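Please look at the sequence and the 3D structure below, and keep both at hand while reading. The report deals with the place of the ligand and with the enclosed spaces inside the protein.

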Amino acid sequence: MSDTTPALSEAATSRFVRIQDGDLNLQLHYNDIGSGAETVVMLHGSGPGASGWANFHRNIEPLVNAGYRVILLDCPGWSKSDPIINTGSRSDLNARALKGTLDALGIDKAHIIGNSMGAHSTVAFALANPERVGKLVLMGGGTGGPSQFVPMPTEGIKLIGALYRDPSIDNLKRMMNVFVFDASSLTEELYQARLANMLNRRDHLENFVKSLEANPKQFPDYGHRLGEVKAETLVIWGRDDRFVPLDVGLRLVWGLPNAELHIFNRCGHWAQWEHADKFNRMVLDFLQH
Ligand SMILES: O=C(O)/C=C/C(=O)/C=C/C=C(\O)C(=O)O
């Protein structure tokens with residue numbers, strides 16, 4: 001899907017919703033594409049300048065063509081959603097934001113595809129709202145907690161921190177070079193678009209740094225609760241993920257009773273972008289059977 005096809009562009013599908021869940025009262029941005037009876041929600045990762053559209057623009061069209069309604073939710077503190085300083089569990093905050101959004105849109109149940117932080121938040125949502133989830137796809141995330149093999153924080157997460165503190169093009173390039181397996185696939189256009197996203201919302205960048213200072217562990221370890229998630233789950237990981245290492249994916253398939261794992265060779269932390277065609281075919285097959 002290209003941003004030049006007006007009906008499927010970010011601008012044409014851009015919407016806002018106000019959610020109210022206890023003390024949480026926020027305006028959130030989302031993209032709403034397609035009109036199928038079944039809904040697929042996509043939750044983006046935690047990098048500076050991330051958004052539903054930036055993370056998933058290569059994955060929308062096949063789902064819409066197959067008859068799904070696709071919702072890309074921008075989490076609190078990202079893109080055009082309201083700013084927030086988060087001192088508790090960000091996974092649970094995002095889960096509450098998703099519940100509020102589904103309630104406001106009158107959607108009882110959705111399949112959820114989560115990328116990194118979005119995957120942590122998907123598990124948080126499934127734990128809190130088991131009756132609201134269909135199938136789950138988790139990429140490069142699903143729970144916080146330690147890797148058994150790789151020193152934490154990983155090199156990628158350290159580079160994200162440096163980029164949040166100093167949002168320069170050099171730091172962005174340092175981070176993106178570790179982000180994907182094949183950095184030559186990253187164009188100057190992509191870097192500039194990401195830089196513009198980041199610099200458009202300096203408040204989000206500053207709030208993320210303040211949140212980390214207040215609580216360095218934004219994503220709790222759900223390892224001990226994974227057995228409660230009964231939804232069918234497809235876990236997808238990049239062999240060369242230098243942000244959230246592969247053994248976290250192995251922990252997920254051990255803990256989630258109805259999960260299977262696919263590992264992409266020559267793939268970093270962005271499987272849905274680095275291997276978009278195969279990723280899209282796998283997700284459709286998983287959702288339809
Ligand atoms: O710290 C974690 O466990 C999670 C890290 C992320 O969610 C990183 C994600 C980065 C992106 O998806 C991005 O587009 O920047």
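The text that follows treats the ligand first and the cavities afterwards.

The model is predicted, and in it 17 residues surround the ligand, with N55, S116, M117, H120 and R194 being the closest. Sorted by kind, the residues of this shell comprise eight nonpolar, eight polar and one charged. Three side chains place an N or O atom at a short listed distance from an oxygen atom of the ligand, as the table shows.

| Residue | Distance from its side-chain N or O atom to a ligand oxygen atom |
|---|---|
| N55 | 2.9 Å |
| S116 | 2.6 Å |
| R194 | 2.5 Å |

Taken on its own, the ligand has 400 Å² of accessible area, and the protein covers 93% of this. Two elements, α5 (117-128) and α6 (155-165), each give two or more residues to the shell around the ligand.

How many cavities of 30 Å³ or more does a search of the whole structure find? There are two, and the largest holds about 40 Å³ of space. Its lining includes P76, W78, R90, Y164 and F208, and helix α9 (residues 202-214) supplies the largest share of that lining, namely four residues. Five residues of the lining of the largest cavity are nonpolar, four are polar and one is charged.

The second largest cavity contains about 30 Å³ of space, and among the residues that line this cavity are M139, W237, D241 and W270. Strand β7 (residues 233-238) gives the most to the lining of the second largest cavity, with three residues, and the lining as a whole divides into five nonpolar, four polar and one charged.

Conventions:
Residues are numbered from 1 along each chain as its sequence is written. This is a predicted model: local features need pLDDT of at least 70, side-chain atom pairs count only at pLDDT 80 or more; totals for chains, interfaces and linings use all residues. Side-chain values use heavy atoms; hydrogens and water are left out. A residue is near a molecule or strand if one of its heavy atoms lies within 4 Å of it. A polar contact is a pair of N or O atoms within 3.5 Å; within protein, one must be able to donate a hydrogen and the other to accept it, and residues adjacent in sequence count only if both atoms are side-chain atoms. Accessible areas come from the Shrake-Rupley method with a 1.4 Å probe; for residues, only the protein chains shown count as cover. Ala, Val, Leu, Ile, Met, Phe, Trp, Tyr, Cys and Pro count as nonpolar, Asp, Glu, Lys and Arg as charged, and the others, Gly among them, as polar. On a 1 Å grid over the protein atoms alone, a cavity is a set of points where a 1.4 Å probe fits but cannot get out, and a pocket is an open set with protein on both sides within 12 Å along at least five of seven lines; lining residues have an atom within 4 Å of a point. Grid points are joined across faces, edges and corners, and a volume is the space filled by probe spheres set on the points.
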